[in-house]
Amino acid sequence: MNPPPTEADTFIACLTPPGAAAIATLAVHGPRAWEVTRELFRPLGDLQTSLPAAPPPDRFWLGRLGEEVADQVVVRVKRVTPIPWVEIHCHGGAEVIRLFLETYQAYGIRPCSWQRLEHLAAADPTRAEAAVVVKAQTTRTAAILLDQYHGAFSQAVKAIRTALDRADLDEALRRLNDLARLSPVGRHLTAPWRVAVLGAPNVGKSSLVNALAGFHRSVVAETPGTTRDVVTTLIAVDGWPVEVADTAGFRQDGGTLEEQGMAQACATAAAADLCLWVLDAAALPVWPPFRLTTMRPVINKVDLPAAWDVGEAAGALSVSARTRAGLAELCQALAGWLVPDPPSPGEAVPFTPELCRRVEEARHFCLAGQVEEARQAIKALTEEAG
Ligand SMILES: Nc1nc2c(ncn2[C@@H]2O[C@H](COP(=O)(O)OP(=O)(O)OP(=O)(O)O)[C@@H](O)[C@H]2O)c(=O)[nH]1
Ligand SMILES: [Mg+2]
C-alpha cells in the first residue's frame, strides 16, 4: 500500500479520459511540479528557450519532455500559488501518456487518478467550496467565484484568524467589515437577484419584461388582465444574473382569478430584491397600493403622448417597451440598485449564504469584544466551507 500523501508530495494524473484522442492533458501538482518539469523540458528550435527558474502563470512553452518521447508537448503553468499546478498537453496515445507518467515517476512524482488530484488541489475547504463556480449563471459571477476558488476568501479568513490569535480585534473587525460589505453580492453568486415587475393592468409590464429579455416570454395583449400568473425570466443585467418576474396587474374590480393573481404578485413583490412599479404615460397613473423600500417607479409607453404630468412620478425612469427607448438606462440603473458596490478583481467575497451568516456572526463577536467567541465563529466558518 502507498504511504499517505504528505505536503511535500507531488502528483501527476491524466485529466483526459482514456480512449483514442488527438490530445491528452496531464496535470502535475505539488511543490516539485515546476522543478521537475523544468529539468525534463527540452526547448524546440532556436526561438524557444529553457523554462524560467520561477514559473510565470498563464504562459505556454512548446518543446519535448525527457529523452524517451519524441512527441512535442505544450507546457502551461495553470497555477503558481499556493501549490504549483503544471499542465502538459501532449499527443493522446496511451503509450505516450504511459511513458510520461513513468518519466515523472522516475523523478519521485507519484501518479494518481484525476479525482485524487482534484481532491488534493482543493484540500483547503474554503477553496474547495468555491468549486460551486459551476453554478454561476453569468461569466461575471463565475469570475468572482473563480477568485474565491483561487484562494481570495480563504486568505482573508486566514488573515482574520491570525489577527484574532494576536487578539488584534481592530484588524479582525476591519477585515470582517470588508467581507460583510460584499455579502449582498456573495449571496447571489449562485442564485440570481430577483426583480418583480408590478403595476396596473395594461401598463405594459409583460411588454417591458419581453423587451428586457430580448424575446417573447410573456403574452402581451390589448386586453387588461392578460397576465394572471407570475412568469419569471432569467436575464443578465450588466453581467449580473437577474430573475425578472412579470405579475398580474393590480386592479380593484377584478374577479376571483385576478384576486389570486394579485395575491401572488404581492408575495412576489415581498420576496423580491427590487420592485419596478410600472406606470402608463398614456393613461392616468395608478399608484402602488402599498409601500416598499425596494419599489422604483418606471414610466412606460413614452412613445405615446402623455396623458398626465409625468414629472409627478419623482425619480421615475422613462422607457418605451415598444421602441426600446430608455431600456439601456433602465438596465444601468437596475445594476446600480442591485449591486451598488461590486467587488474588485481578486477581492475576497463570502460566496454562499451560510458563509455570509458566519461572517456576520464573527463580526458581531468582534464588535462585542469577545475574542474567543469570534475565533470559534471563524473556525466554524472554515469548517462550514468544507
Ligand atoms: N405604444 C406602446 N404600447 C405599448 C408599450 N408597452 C406595451 N404596449 C401595449 O400595451 C398593451 C398592454 O401590454 P402588456 O404588456 O400586455 O401589459 P400588461 O401590463 O402586462 O397587462 P396585464 O398583463 O393585462 O396586466 C399591449 O397592447 C401592448 O402592445 C409601449 O411602450 N408603447
Ligand atoms: Mg401582462
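**Exercise 1. Polar contacts of the ligand**

How far is an oxygen atom of ligand 1 from an N or O atom in the side chain of Ser320? Place this distance beside those for Lys205 and Asn202, and then state how much of ligand 1 the protein covers.

*Solution.* The model is a predicted one, and the distances below are computed from it. Begin with Ser320, where an N or O atom of the side chain lies 3.3 Å from an oxygen atom of ligand 1. Turn next to Lys205, whose side chain has an N or O atom 2.7 Å from an oxygen atom of the ligand. For Asn202 the partner belongs to the backbone, since a polar backbone atom of this residue is 3.0 Å from an oxygen atom of ligand 1. The cut-off for a polar contact is 3.5 Å between N or O atoms. As for cover, ligand 1 on its own has 650 Å² of accessible area, and the protein covers 93% of that area.

**Exercise 2. The shell around the ligand**

Describe where ligand 1 sits, and work out which residues and which element make up its surroundings.

*Solution.* First, locate the site: ligand 1 occupies the largest pocket. Second, consider its neighbours, of which there are 23, with Lys205, Ser207, Gly225, Thr226 and Asp303 coming nearest. Third, sort the shell by residue type, which yields 7 nonpolar, 11 polar and 5 charged residues. Finally, ask which element gives the most to this shell: helix α9, spanning residues 205-213, does so with 3 residues.

**Exercise 3. A tilted aromatic pair**

Explain why the pair formed by the rings of Trp34 and Trp61 is classed as it is, and place both residues in the chain.

*Solution.* The structure contains 6 aromatic pairs. In the pair of Trp34 and Trp61, the ring centres are 5.6 Å apart and the planes stand at 55°, so the pair counts as tilted. Trp34 belongs to helix α1 (residues 33-40) and Trp61 to strand β4 (residues 60-65), so that the pair links distant parts of the chain, 27 residues apart.

**Exercise 4. Positive phi values**

Examine the backbone at Lys301 and Arg324, and assign each residue to its loop.

*Solution.* Lys301 has phi near 65°, which is positive in a residue other than glycine, and the loop that holds Lys301 runs between β12 (295-300) and β13 (317-318). Arg324, likewise a residue other than glycine, has a positive phi near 70°, and Arg324 is located in the loop between β13 and α11 (327-338).

Technical notes. Residues are numbered from 1 along each chain as its sequence is written. Chains are lettered from A and ligands numbered from 1 in the order in which they are written. This is a predicted model: local features need pLDDT of at least 70, side-chain atom pairs count only at pLDDT 80 or more; totals for chains, interfaces and linings use all residues. Side-chain values use heavy atoms; hydrogens and water are left out. A residue is near a molecule or strand if one of its heavy atoms lies within 4 Å of it. A polar contact is a pair of N or O atoms within 3.5 Å; within protein, one must be able to donate a hydrogen and the other to accept it, and residues adjacent in sequence count only if both atoms are side-chain atoms. Accessible areas come from the Shrake-Rupley method with a 1.4 Å probe; for residues, only the protein chains shown count as cover. Helices (H or I, at least four residues) and strands (E, at least two) are DSSP runs, numbered from the N terminus. Ala, Val, Leu, Ile, Met, Phe, Trp, Tyr, Cys and Pro count as nonpolar, Asp, Glu, Lys and Arg as charged, and the others, Gly among them, as polar. Rings of Phe, Tyr and Trp (its six-membered ring) pair if their centres lie within 6.5 Å; planes under 30 degrees apart count as stacked, over 60 as edge-to-face and the rest as tilted.
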